[in-house]
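Trainee: Could you walk me through the words people use for a model like this? I'd like to see how each label gets earned.

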Amino acid sequence: MKATGPNHIQDIVRCIEDLPAPPAVAGKILDWVGREEPEIRELVRLVETDQSLTLKVLKLANARAYGIQGKVSSVESAALLLGVPALKHALMTIFVRDGLIRDRKPDDPHLKAIWRHSLTCASAAQVLAGEHFPALKGLAFSAGMVHDCGKLVLLSALPETYERVLEQSEAPGADLLEIEARVLGADHATVGKWLTEQWEFPEPLVTAAWLHHLPADAILDLGEQSGLAAMVALADILAREIMAEYLGPEDRSRRDALLDSLGVRDSRLDDLKLAIGAQYAERADKFDTEGEDAASQYFMALQGAGRRIGEANFRLQQGNEALSTANRILSAVTEAGREIASATHAQGVLQAMASVLAGPLAMPGGCVYALDSQDMVLRGLYWTGNDRPRSFECGLDQPSATPAQDIEAQGLPRDLSALVAGRQARTAPGLRPDTGPSYSRPFHILPLTSGPLLLGEMIFEPGDRPVGPAPLDGLAPLGQLASLAGACLERLAGARRLEERSERLGLAMRRIRTMNMKLVQAERLAAVGQLAAGAAHEINNPLAIIYARIQMLGMKEPDQDKKKVLKQIEGQISRITSILTRLMDFARPVPPRFGEVRINELADRVSSMMAANFKKRGIALLKDLDPDLPVIQGDEHQLEQVLLNLLINAEHAMEGAGGEVRVKTRKDLPAGAVVIEVRDQGRGMSKETLDRIFDPFFTTKQEGTGLGLSTSYGIVKNHHGEIHVQSSPGKGSTFSLELPVSQEAAGARRPAMGRPAEKPRGRTKSVLVVDDEEHIRDILEEALSAEGYRVETCSDGDQGLKRLSGKDYDLLLLDLRMPARNGLSLLAEMGERTRDVPIMVITGLASPEEINEALALGALKCIQKPFRMDDLLRDVRKALGNGGA
């Protein structure tokens, strides 16, 4: 094809516009055709007013098909001879056929095929109407005759192109409408609508030409016109079927659905086709108008009628011009209104307005803009001549909301720039716009408002239309468009505010959810800590007794084999003691002793400690340390423990697989923190494992206490930091520590240590043991007595205070947690009276704060239960100046 789709549409429209109009009486005759019981005398009078129609009717009446011996010389005689139905059909044939095919030969195969199909369709529609809608018989025939008039227009406008389209459509499975739309830009149904509307045919005929290819359910939803439309659509399919044309599955489905809607059974289909064939034969025989002379004569008559109609139209032109302009504007504005209503952002609203003003309405210049009070910016589009609309934007000053920069510098013409910059002068105080449009030669200005607020303006130059301060005639729909645009801009602004609030609310909800998760985890860990503390308390004292007894048995046992068994028991008790110690570290972590920590040096030191283990297992230990890390405040020993735990976990995760472990440090300036990352290429963890990774006693190792990460979690939290982990199965794990650079250092008090006693001078030293656990008292008394010390015991602080008030002792062994009076209370009560007596605290569950307080009150040392007996005796000897019995 030589031309493109849009050019084809222009040719089609030009062809329709160039077609001669039907005779002046066409509208009245078409109205007469559609009546149920028309008056034939009225038709005679109408036909006699048009010479061309008179000649056609007389020629038809004198045709050989009617077998008249004489000549019919009057329209009235011809009408009586032909009868109302035949006369209706003949007139419709004259209007359509002679008006469209004057430039083609009567024996043209394409023309004959189209005409044959139209006549068959008309006959089928009349047969269907006769059985189901008798009142529509005449109108049904007429609708069938005009239903494919769009093909005649296409054949006339684009003969060579459309002939090739028709030939392509003859292939099995080809879709004529799809080929027409692809090649021409419009199908024959749409073109038929354009023609019937141009010729002002009755609405049922327009519908028949336009919608006869719609799906069956859409046709049946047309309301009052559904009956006629369904008959024409079914008649079109039956005509193609009778003419042995190809029917695809969709056509057959439509046919069956339409037959069902009319109540036609399959058994009646053959009878219908026979009736349609008979009707076609009768019509083809009586209304053969292929003669060249008759066509030429009718064409000349049409030209004369066209001149008379042109004279009448000239007198009506001025009255219709304003209405046509208004209709065109209304149509364009309606389409723009749809685009505005569906716009999802302000730029879409402006684009729709600028497109309709610069395009269909052909305003030679203008602009549209909107004020964004939230971002304090003015955005718009402007156009001049035939140029496409271009965008412009500038900031706004507060509080006047006037442009803060030169708009003309963005390409806006000077007169438009001045109007936009002078917007404030057209508004009342509070940005309340004037009540109606304003005028500044040569521009009309319509405000875009919502309630009392001015949201923007529509500025346009009407061009060659009359201009003046008064509103333009026919442009009232633009005011409605401006109102719709204002409402839409306000709706979009509200939606934007709502979306931003929703985003802020969503962010707040996520933060609350994260905080709740952390709170739940903290509460869970606190509960576990309390449980652990209670369990350790119940275990610790019995374990201390067992441990001490085993040691004492070992000291007394001469049999080496038995001593070896006792040593094994001691080892397992030491293991239990280690677990209890770590458990207590988690339950009641020791507060960090803050000092300067250089993270890179710490990472180097811990990496060196682990390097040999990694090398044995084929794991590469890589470091990526930021050289500009600031010095932080923290407990170097505790942070070293955390990093060591993470590297040990990475080693276990990659055991047997090899790969890389990367230690990375970096600074997070916005957060005021340094970050340590340990990334491995190990097995990774599932979501279920991640949810419990910091829980005490939770472990995935066959041998492990499950306290390493929970203890690390507590240490990091005590440093006011965060610990995060990212992992998925098969993709390794990344642990991240975020530690603040600066924080308030914990003020650790230096304990006032009691001084050791003087070296004994030949006197047996006395030791007072104060402990609420009887077995502990017995073991200590036995062990110390065996060393030559004189030992006295009491079970609580009150008894201990009485003993100390009445007697002097060389050493005090004191439990902190006892009934009646605890160890701290006893130390505070003794005060200066025991300043020179060495005091050693023996405890199992004392917190770091309690231990520090005991040291501050004069305690020399704190010994944790369970204890090694030989270590205790060594500390006693040291406290007593190496004295003995």
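Mentor: Let's go through two sheets, a salt bridge, a cavity and two odd loop residues.

Mentor: This is a predicted model, so local features need pLDDT of at least 70 and side-chain atom pairs count only at pLDDT 80 or more, while totals for chains, interfaces and linings use all residues. Residues are numbered from 1 along each chain as its sequence is written, and side-chain values use heavy atoms, with hydrogens and water left out.

Trainee: What makes β3 and β6 edge strands?

Mentor: Six strands form an open sheet in the order β3-β2-β1-β8-β7-β6, with antiparallel pairing. β3 (390-395) and β6 (438-440) each have a single partner strand, so one side of each is left without a neighbour in the sheet. The names come from DSSP runs (strands are E, at least two residues; helices are H or I, at least four), numbered from the N terminus. From one strand to the next, the twist averages 20°.

Trainee: How do you know that β1 and β8 pair?

Mentor: Two strands pair if DSSP finds at least two bridges between them. β1 (residues 365-372) and β8 (residues 453-461) have six, in the antiparallel sense, so they pass. One of the bridges puts G366 opposite F460 in β8.

Trainee: Which helix packs on that sheet?

Mentor: That's α19 (residues 346-358), which touches β1, β2 (377-384), β3, β7 (443-450) and β8. Contact means heavy atoms within 4.5 Å. The direction of α19 makes about 20° with that of β2; axes are lines fitted to C-alpha atoms, for helices over the stretch in contact, and angles run from 0 to 180 degrees between N-to-C directions.

Trainee: Why is A362 worth a look, in the loop between α19 and β1?

Mentor: Most residues other than glycine have a negative phi. A362 isn't a glycine, but has a positive phi of about 55°. H720 also has a positive phi, about 60°, without being a glycine; H720 sits in the loop between α26 and β14.

Trainee: What is the strand order in the sheet with β14?

Mentor: The order is β10-β12-β13-β15-β14, an open sheet of five strands with mixed pairing. Its edge strands, β10 (619-624) and β14 (722-727), each pair on one side only. Eight bridges join the antiparallel strands β12 (residues 659-668) and β13 (residues 673-680), and K667 has V674 as its bridge partner in β13. Helix α24 (residues 636-653) packs on this sheet, touching β10, β12, β13 and β15 (733-740). Helix α26 (residues 708-718) packs on it too, touching β14 and β15.

Trainee: Why is the D251 and R240 pair called a salt bridge?

Mentor: The rule asks for a side-chain nitrogen of Lys or Arg within 4 Å of a carboxyl oxygen of Asp or Glu. D251 and R240 meet at 3.0 Å, N to O, so the pair qualifies. D251 is in helix α16 (residues 249-261) and R240 in helix α15, eleven residues apart. The structure holds 36 salt bridges.

Trainee: And what makes a space a cavity?

Mentor: On a 1 Å grid over the protein atoms alone, a cavity is a set of points where a 1.4 Å probe fits but cannot get out; lining residues have an atom within 4 Å of a point. Points are joined across faces, edges and corners, and the volume is the space filled by probe spheres set on them. There are two cavities of 30 Å³ or more, and the second largest holds about 40 Å³. P204, T207, A208, Q225, L228, A229 and V232 line the second largest cavity.

Terms used:
On a 1 Å grid over the protein atoms alone, a cavity is a set of points where a 1.4 Å probe fits but cannot get out, and a pocket is an open set with protein on both sides within 12 Å along at least five of seven lines; lining residues have an atom within 4 Å of a point.
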